[in-house]
Structure formats: structure tokens, C-alpha cells
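User: Please take a close look at the open and enclosed spaces in this model, and at the nonpolar packing that goes with them. Start with the enclosed spaces.

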Amino acid sequence: MTGPALEITGLNKRFGGLPVTRDVTITVAPGERRLIIGPNGAGKTTLFNQITGDLRPDSGSIRLFGEELVKVKTSTRVAKGLSRTYQILTLFPQDTLRHNVVLSLLGLRGVRWNPWISLSGRRDLFALAEEALASVGLGDGGTRLVGETSYGERRRLELAMALAQRPKVLLLDEPLAGLSQNERNGVSELLTTIPRDVAIVMIEHDMDVALAFAEQITVLHFGQVIVQGTRADVVADPRTREIYLGE
């Protein structure tokens, strides 16, 4: 595919009198690894929520491979190749890992509207779920209940659910949050295995991991893009140290 994978232009959103994104413009190339950083309250998750359709921007444009998304519902955006994980895990703890992935796949298929369908009979969905779990190192644990797993395994499960949808652009909202150092290392290595036909935009506060991962970095502050560029450009910019690192 030619042109940007994700193109955000002049995005604005206010909650009452409070601006949460202000004229945000970001262009992500196909296969790019993009990092979004900024202090708490900078508008990072709010930006993701607008990209996915959980929030409607007041003005601006969001294009996925050239197609405008602002008026497109969330489920359609997912079907077009946009997927995400959340800062706060959104799983079904009393279901198995495999069934959680199957439910994420079901959302992309018309059979979800058929009340007579037997989900247990959809071997194709369960096969895809097993494949996704194996890709994140959970291939042997598909029949376990989510509530019986560690927090790190749940993070991997959420990633499996997103990858199972075959995204072209994957948004990761703090995928390392709450993990031990060993779990962080494992998930960080896992991210490097995601194929290059998937562009990744990641919000993360673990700077060592994030900077090693990112090719391009966007710094947000009070909803505005303050600095944008390569790792070297952003780390060297005094505005990054002043705004994000507190120097």
C-alpha cells in the first residue's frame, strides 16, 4: 500500500471549556513504529479514543490508508484494519483465554447478529484463536480461565485479541503498565515479532523500552504536539526535557 497508514490532521477535541487535543497532526507510515509520550493529562489516551471512534472529534481528519474515518463507527474501523489495546484491561475473567479471543473475532463477522448460531461449532474461529494465542506465547493455556492467569498473561491475551483481528494499524495503550521487569522484557520481545505489515502506535511511560522500540516519536503536552521526529531529534530537543523529563 502507498501513502500513510494513519494520517491525523488538525484534530481538536474539547470537554466543556477544556481542550484535550489541539490541532494534532500526525502521519504514520505503513509498518512504522511510532511512540506517543507526554506527562499525565497530555491527551494521549483521548487521542487514541478519537482514532478508534470511542470519541468524536470536534474538528479535524482521521484517515486510514487514505479513507476518512471521522464519521465511521468503531466496528467498521476495526473491520478496515484498525485495532487497539487498552490501558485498563477489558477482558471476561470467567471465560477461557481462547473464548475471549473468539469473542474478539466474532465482532468482525456478520454471524454475531444470528441468535441461533452455535459458537462452539465455529471451528474456524477457535483455530484462529489458538493461532493468535500461540503467537503471544499462550498456545498451551487456551482452556484456562482468565481469572486464573497472571497479570502479565492477561496483557499478552489482550495483545492476542488485537492481533487476531489482522490489523494494519495497531494502537497499544501502555502495554507494559503494571508488569514486573521480567514480564516487561517478555512483552517487549514479543512486540518485536509483530510483522512489519502492521504499523504500531504505542503510548508508553517506560522510556528505556519505548525509545528502543520507536522509530518516530510524538511528544504531547496539554493536547498539543510539542516535538515530533526521530529518537535522536526528540531526545535532544530541550522542550522534551523541559516538558516530559522535568529538566
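Analyst: The second largest cavity holds about 30 Å³ of space. This is a predicted model. Leu-6, Ile-8, Ile-26, Ile-36, Leu-47, Phe-48, Ile-51 and Val-201 line the second largest cavity. By class, that lining has 8 nonpolar residues, no polar and no charged. Two elements each supply at least two of the lining residues: strand S1 (6-15) and helix H1 (44-52). H1 gives the most, with 3 residues.

Phe-48 lines this cavity and also belongs to a nonpolar core. That core has 24 residues and is separate from the largest one. Its members include Ala-5, Val-169 and Leu-171 as well. In soluble globular proteins, nonpolar side chains tend to be buried together.

Now the other enclosed space. The structure holds 2 cavities of 30 Å³ or more. The largest cavity has a volume of about 60 Å³. Its lining consists of Thr-85, Arg-155, Glu-158, Leu-159, Leu-172, Pro-175 and Val-187. Here the classes are mixed: 4 nonpolar, 1 polar and 2 charged residues. The second largest cavity, by contrast, has no polar and no charged residues in its lining. H5 gives the most to the lining of the largest cavity, with 3 residues.

Leu-159 leads on to the core. It lines the largest cavity, and it is among the residues that touch the most other members of the largest nonpolar core. That core has 45 residues. Val-101, Leu-157, Leu-170 and Leu-191 join Leu-159 in touching the most other members. H5 supplies the largest share of this core, 7 residues.

Leu-170 deserves its own look. Setting aside residues up to four places away in sequence, Leu-170 touches Leu-159, Ala-162 and Leu-163, among others. Its contacts also include Ile-194, Val-198, Ala-199, Ile-200 and Val-201. Ser-83 and Arg-84 are on the list too. Two of these contacts tie back to the cavities. Leu-159 lines the largest cavity, and Val-201 lines the second largest cavity.

Next, the open spaces. About 510 Å³ of space lies in the largest pocket. It is lined by 22 residues, and Val-78, Arg-84, Tyr-86, Ser-104 and Gln-165 are the closest to its centre. Arg-84 is also a contact of Leu-170. Four elements each give at least two lining residues: helix H2 (74-79), strand S6 (82-84), helix H3 (97-106) and helix H5 (151-164). H2 gives the most, with 4 residues. The lining of the largest pocket has 9 nonpolar, 9 polar and 4 charged residues.

The second largest pocket has about 280 Å³ of space. Of its 15 lining residues, Ser-135, Leu-163, Ala-164, Arg-166 and Pro-195 are the closest to its centre. Leu-163 is another contact of Leu-170. Helix H4 (123-135) and H5 are the elements that give two or more residues to this lining. H4 has the largest share, 4 residues. By class, the lining of the second largest pocket divides into 9 nonpolar, 2 polar and 4 charged residues.

One element recurs. H5 gives the most to the lining of the largest cavity and the largest share of the largest nonpolar core. H5 also supplies at least two residues to the lining of the largest pocket, and two or more to that of the second largest pocket.

Notes: Residues are numbered from 1 along each chain as its sequence is written. This is a predicted model: local features need pLDDT of at least 70, side-chain atom pairs count only at pLDDT 80 or more; totals for chains, interfaces and linings use all residues. Side-chain values use heavy atoms; hydrogens and water are left out. On a 1 Å grid over the protein atoms alone, a cavity is a set of points where a 1.4 Å probe fits but cannot get out, and a pocket is an open set with protein on both sides within 12 Å along at least five of seven lines; lining residues have an atom within 4 Å of a point. Grid points are joined across faces, edges and corners, and a volume is the space filled by probe spheres set on the points. Ala, Val, Leu, Ile, Met, Phe, Trp, Tyr, Cys and Pro count as nonpolar, Asp, Glu, Lys and Arg as charged, and the others, Gly among them, as polar. A nonpolar core is a set of buried Ala, Val, Leu, Ile, Met, Phe, Trp, Tyr and Cys residues joined through side-chain atoms within 4.5 Å. Buried means under 20% relative accessible area, exposed over 50%, partly exposed in between (1.4 Å probe, protein chains only). Contact means heavy atoms within 4.5 Å.
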